[in-house]
Amino acid sequence: MYLGVDMGTSSIKATLLDEKGNIVGRSRVESVVVSPEEGFFEVEAEKNWWLGFGKALESICRGNDVKRIKGLCISSVCGTFVPVDNELRPLYNAILYGIDTRATDQIERLNNSFGKEYLKNHLGGEFTTHSVIPKTLWLKENRPETYEKTFRFVESNNFVSGRLTGKTAWDFPTAAGTRLLDFETRDLPREIIRKAGLDENKFPGLSWPLSIVGSVNASSSRETGLKEAIPVVAGACDINGEAMACGGINPGDLVVVFGSTTSTLFTTKGFHLLDGFAPGVSILEGTFRLGAATSSGGRFVGWMRELLQSEIVGESDYGPTGIIILPYIDGARAPYDNPSAKGVIFGLQKTNDKQSLIKASLESLGYEIDLLIRRLETVSHVPQVIHVLGGMAACGLLLQVVANITGRELHVFKDIDASYGDALMAMTADCDYSDIEKLDAVTEERNKAVKILPDLELNAEYKSFSSKYEKLYSSIEDIF
């Protein structure tokens, strides 16, 4: 059997496959995000990640012999890391991705110091709140004792895989997504790290997603019950696990994941630079990607529902509300990367009610996706089909609104998630991926996708509002 584990923001999910690719177990363990100060978002790594991994493993192996697991793979929360000592014990809470805005001063200083063109050529763009280097600099300047004691800054999946194997590494896709990959040297940006005043030895080397980080060691075997010496595949950030799950890892594939945030992953044949997007390498060597994560998503819609004390009603889209919401309650991420941006509601009329605002919050997610697609089309053809996954994919009205706004057909995968893709990656320890994707069980699982077709008449109505969405931001950007 093969185990896949997704270290998500709010939960750890696991999927267990047999040798033929059939799903034989699933488990989910909640994870808690804390916000000790405004702009700070953290996770207690030992409690939530290491012990959470153990709980997920214990749960999924009820009825399955843990000793039959032949390999495992773990995906990361992209842009999230934790400082650890030489026994890989956490020295500070894990610091989350772009929603954590503690390092805005360090970001501004580093961007001014290195310059936009230099950073674009080496890292694919300027530092943002999603970048790891400014946050490690923040630790050095604000928690110097923690910085000095740090042996390694490890990503979330490697916090667990490192404890299992004793080996540390950043996977290429996650490193690229956090501006920790120099595209000229295809290595850590060692010169930038040194010039930033940081110790390059505190950052592990890089590994490809389908490479083997190491093998489960004796002490971890005793602690977890996993068989000693089984391989641990490096893995990648969670959206790559989602892309692997639905088979969306080939050039031309566009994957959108509606989770706490909305993430997009566009796989390309060649390497592209595009402002507001994270360029990088994909799962399969020789393929590339343009990635983007927005500030909105399930967390924003949930905030709106709680604020208005109202639920999403119905699954039919009757057309634009006429209300445009910039959902930047935690600042704007892709494609603007503006932590100072604020949420804005435009176009209110006295005929609007709570349901109008709830619907408009869903439309704002659609306008964001449409904006990202228009930007992607400036560098490459974007297909008419979008692969969709994530918790918010259960919301029928959201899916229809997104299809209508973008004018594209959605293939929605409701029964599989990143942990399924991770389990497929774990299988590559013993099999070629080209053989795995031909397995009947894998084909059957992917063919369960539900197709959502766009209403082209409503698409025509939405176009002007989608354009206004972009104009609204640009017209008030200066006053944020």
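# Exercises on a predicted model

N157 lies in helix α6, which spans residues 156-165. The model used in these exercises is predicted.

## Exercise 1: N157

Task. Decide whether N157 is buried or exposed, and list what N157 touches.

Solution.

Step 1. Recall the cut-off: buried means under 20% relative accessible area.

Step 2. Read the value. N157 has a relative accessible area of 1%, so N157 is buried.

Step 3. List the contacts, not counting residues up to four places away in sequence. N157 touches M7, I74, S75, S76, D171, A234, G235 and A236.

Step 4. Look at one pair. W170 is 13 residues from N157 in sequence, and their C-alpha atoms are 8.9 Å apart in space.

## Exercise 2: Strand β17

Task. Work out how many residues of β17 are buried, and which residues point each way from the strand.

Solution.

Step 1. Find the strand. β17 covers residues 288-293.

Step 2. Count the buried residues. Six of its six residues are buried, and the strand is mostly covered.

Step 3. Sort the residues by direction. F288, L290 and A292 point one way. R289, G291 and A293 point the other way.

Step 4. Check both groups. All of these residues are buried.

## Exercise 3: The partners of β17

Task. Find which strands are joined to β17 by bridges, and how many bridges each has.

Solution.

Step 1. Take β15, residues 262-268. Six bridges join β15 to β17, and the two run antiparallel. One pair to locate is S263 with its bridge partner A293 in β17.

Step 2. Take β16, residues 278-281. Four bridges join β16 to β17, again antiparallel. P279 has L290 of β17 as its bridge partner. V281 stands opposite F288 in β17.

Step 3. Look at the connection. β16 and β17 form a hairpin with six residues between them. In the turn, G286 has a positive phi of about 95 degrees.

## Exercise 4: The whole sheet

Task. Give the order of the strands in the open sheet, and explain why β16 and β22 each have a side without a neighbour.

Solution.

Step 1. Write the order. Seven strands form the open sheet: β16-β17-β15-β14-β20-β21-β22. The pairing is mixed.

Step 2. Go to the edges. β16 and β22 (450-452) each have a single partner strand, so one side of each is left without a neighbour in the sheet.

Step 3. Note the turn between strands. Neighbouring strands are turned by 25 degrees against each other on average, direction ignored.

Step 4. Add the helix. α13, residues 396-406, packs on the sheet. α13 touches β14 (254-258), β20 (385-389), β21 (409-412) and β22. The direction of α13 makes about 145 degrees with that of β21.

## Exercise 5: Covered helices

Task. Find how many residues are buried in α14 and in α10.

Solution.

Step 1. Start with α14, residues 418-427. Ten of its ten residues are buried, so α14 is largely enclosed by the rest of the structure. Among them are Y420, D422 and M427.

Step 2. Go on to α10, residues 238-246. Eight of its nine residues are buried. They are I239, N240, G241, E242, A243, M244, A245 and C246.

Step 3. See what follows α10. G247 comes after the helix and has a positive phi, near 80 degrees.

Step 4. Link α14 to another helix. E445 is found in α16, residues 440-446. E445 is buried, with a relative accessible area of 12%. Y420 is one of the residues E445 touches; the others are I23, D415 and I416, not counting residues up to four places away in sequence.

## Exercise 6: One loop, two residues

Task. State whether I329 and G331 are buried or partly exposed.

Solution.

Step 1. Place the residues. I329 is in the loop between β18 (324-326) and β19 (344-346). G331 is found in the loop between β18 and β19.

Step 2. Take I329. Its relative accessible area is 34%, so I329 is partly exposed. With W303 and L307, I329 forms a nonpolar surface patch of about 280 Å² of accessible area together.

Step 3. Take G331. Its relative accessible area is 2%, so G331 is buried.

Step 4. List the contacts of G331, leaving aside neighbours within four places in sequence. G331 is in contact with S295, N338, P339 and A341.

Step 5. Finish with a distance. T101 is 230 residues from G331 in sequence, and the two are 8.8 Å apart in space, C-alpha to C-alpha.

Key:
Residues numbered from 1 in each chain as written. Predicted model: local features only at pLDDT ≥ 70, side-chain atom pairs only at ≥ 80, totals over all residues. Heavy atoms only, no water. Buried < 20%, exposed > 50% of the residue type's maximum accessible area, 1.4 Å probe, protein only. Pairing = 2+ DSSP bridges. Patch = residues over 30% accessible without salt bridge, like charges linked within 9 Å, V, L, I, M, F, W, Y side chains within 5 Å. Areas by Shrake-Rupley, 256 points an atom, 1.4 Å probe, with all protein chains shown as cover. Salt bridge = Lys/Arg side-chain N within 4 Å of Asp/Glu carboxyl O. Axes fitted to C-alpha atoms, helices over the stretch in contact; angles between N-to-C directions. Contact = heavy atoms within 4.5 Å.
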